[in-house]
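Q: I'm new to reading protein structures and I'd like some help. Could we go through one together, feature by feature?

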Amino acid sequence: MMLTVAAAFNAVMQTVRDLGTETVPFESATGRILREPILADRPFPPFDRITMDGIAVNYESFARGQHIFGVEDVQAAGTPQLQLSNTANCIEVMTGAILPDMTDTVIPYEHLTASEHEGFRRFTVHKAVKKGQNIHRIGSDIATGAVLIPTGTLIGPAEAGVLATVGKTRVKVSKLPRVVLIATGNELVPVHATPALHQVRMSNVYSMLASLEQMGIKARYIHLPDEEAAMKDQLQALLAETDIWISSGAVSAGKYDYLPTVLQQLGMQQVFHKVQQRPGKPFLFGRFSNGPVVFALPGNPVSGFMCFYRYVQSWINAAMGAALPAPAYAQLSEKVVFDAALEYYLPVKLQSLSDGRMIAIPQPYQGSGDLASLLKADAFLTLPLEDNVFEKGNSYQVWKFR
Ligand code: AMP
Ligand code: MG
């Protein structure tokens, strides 16, 4: 029995295995999946931090009715803590500086009038003052030892800043999978070649290379002819030291579609062949024990593309210990009719409206060979198997590739 997409996806995800970890300099950890919690090495902020330029005073002075303060000193950012020697005076303080000892309240210059008295600088306060104002208290954001970034987080710009703040120069991240892309077909010629009338340039591997590159993964690729013996020899040599094979083509019902047979001969356990989906129905998935998982995708470019974003990407993310993103949804902009008993993945342009809705606009699409249709699309809209008529305004899950 042909599997539904949901069953196929579950079967794929059952094979996920941990790829292990490695430790890298934090500057090159962007885009990687963190595999250790990052803890606060100090309180945040690490000292009572001044948040306004002005003066620091001891609030008790106001209780005594005082509102003119002589300046004892200046506490600049980056200088060790000073001490107010006479609580009837003040210390000028700058944003980012540590609060001087014996002071507890900061009054900004905007609320002060500066003057001179017998060669001394002094300030008159002309606004109401609240005890403790304009101080970012030590530890008020985060206590020492608190988890700042949990394990499993994708490291982006915000994480890079926090890693720097806590002085985490080397971080433990997931290893990247070792991926081999496998193009099949005697009709394929290299990109730099001029194809004869019956030939086409090999494009699928370049789409996949780009998709993987966006995940920070560098892959290599090979090209197999439609010949059983040659396929077997070349694949045999690839078995060691790879985590994932992603092939395109040679898994349908064609006379020269040898890949399923060859994979079986090599000892691959087939998990499924064919899924109730369009495009991508001939998708074959299997695994070698102690070897790679095999995503044998159909050759039609849109099929391979869809299978990558629907299955391969999730497998890789899960293997790297990343949290899977929450599903995204969009509303169909026009009625669509689809008769086949397959889950339909329709290329759509996404448009977000000011009322917060996300609209999916179907793009002109001539079927799974129509690679150019993806240029104007951002995502695949999932139209469920059970229905044939999909009304304008109905909401469905989207799989974004942009
Ligand atoms: P197949 O699944 O081998 O029957 O291939 C289906 C269609 O996809 C055929 O038109 C192939 O020429 C095309 N195709 C297969 N592999 C590639 C590839 N790597 N790049 C571009 N087109 C491909
Ligand atoms: Mg082929």
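**Reading the cavities, domains and a sheet**

A: Sure! Let's start with a hole inside the protein: the second largest cavity has a volume of about 30 Å³. Keep in mind that this is a predicted model.

Q: Which residues line the second largest cavity?

A: To read a lining, you look for the residues around the space. Here they are Leu181, Ile182, Asn204, Val205, Met208, Ile246, Ser247 and Ser248. Strand S13 (179-184), H4 and strand S17 (244-248) are the elements that each give two or more residues to this lining.

Q: How many residues in the lining of the second largest cavity are nonpolar, polar or charged?

A: Sorting by class tells you what kind of side chains face you. For the second largest cavity you get five nonpolar, three polar and no charged residues.

Q: And how many cavities of 30 Å³ or more are there?

A: The count comes to two cavities of 30 Å³ or more. The largest cavity holds about 40 Å³ of space.

Q: What lines the largest cavity?

A: Same approach as before. Its lining is made up of Asn204, Ser207, Met208, Asn300, Pro301, Gly304 and Phe305. Helix H4 (204-214) and helix H7 (301-319) each supply at least two of the lining residues. By class, the largest cavity has three nonpolar, four polar and no charged residues around it. Spot Asn204 and Met208: they're in the lining of the largest cavity, and they also turn up in the lining of the second largest cavity.

Q: Let's zoom out. Into which domains is the chain divided?

A: A domain can be written as one stretch of the chain or as several pieces, so read the plus signs carefully. Domain 1 is 5-20 + 176-319, and domain 2 is 22-44 + 147-174. Domain 3 covers 49-136, while domain 4 covers 328-400.

Q: How far apart are the C-alpha centres of domain 3 and domain 4?

A: They lie 62 Å apart.

Q: What is the strand order in the open sheet of six strands?

A: For a sheet, read the order from one edge to the other. This one goes S7-S4-S6-S5-S9-S8, with mixed pairing. Strand S7 (105-108) and strand S8 (112-117) are the edge strands, each pairing on one side only. From one strand to the next, the twist averages 40 degrees.

Q: How do S4 and S6 run, and how many bridges join them?

A: Strand S4 (residues 54-57) and strand S6 (residues 90-93) run antiparallel, with three bridges joining them. To find your place there, look at Ala56, which stands opposite Ile91 in S6.

Conventions:
Residues numbered from 1 in each chain as written. Chains lettered and ligands numbered in written order. Predicted model: local features only at pLDDT ≥ 70, side-chain atom pairs only at ≥ 80, totals over all residues. Heavy atoms only, no water. 1 Å grid on protein atoms, 1.4 Å probe; cavity = no way out; pocket = protein on both sides within 12 Å on 5 of 7 lines; lining within 4 Å. Points joined across faces, edges and corners; volume = space filled by probe spheres on them. Helix = DSSP H or I, 4+ residues; strand = E, 2+ residues; numbered from the N terminus. Nonpolar A, V, L, I, M, F, W, Y, C, P; charged D, E, K, R; others polar. Domains from an automatic or database assignment. Pairing = 2+ DSSP bridges. Axes fitted to C-alpha atoms, helices over the stretch in contact; angles between N-to-C directions.
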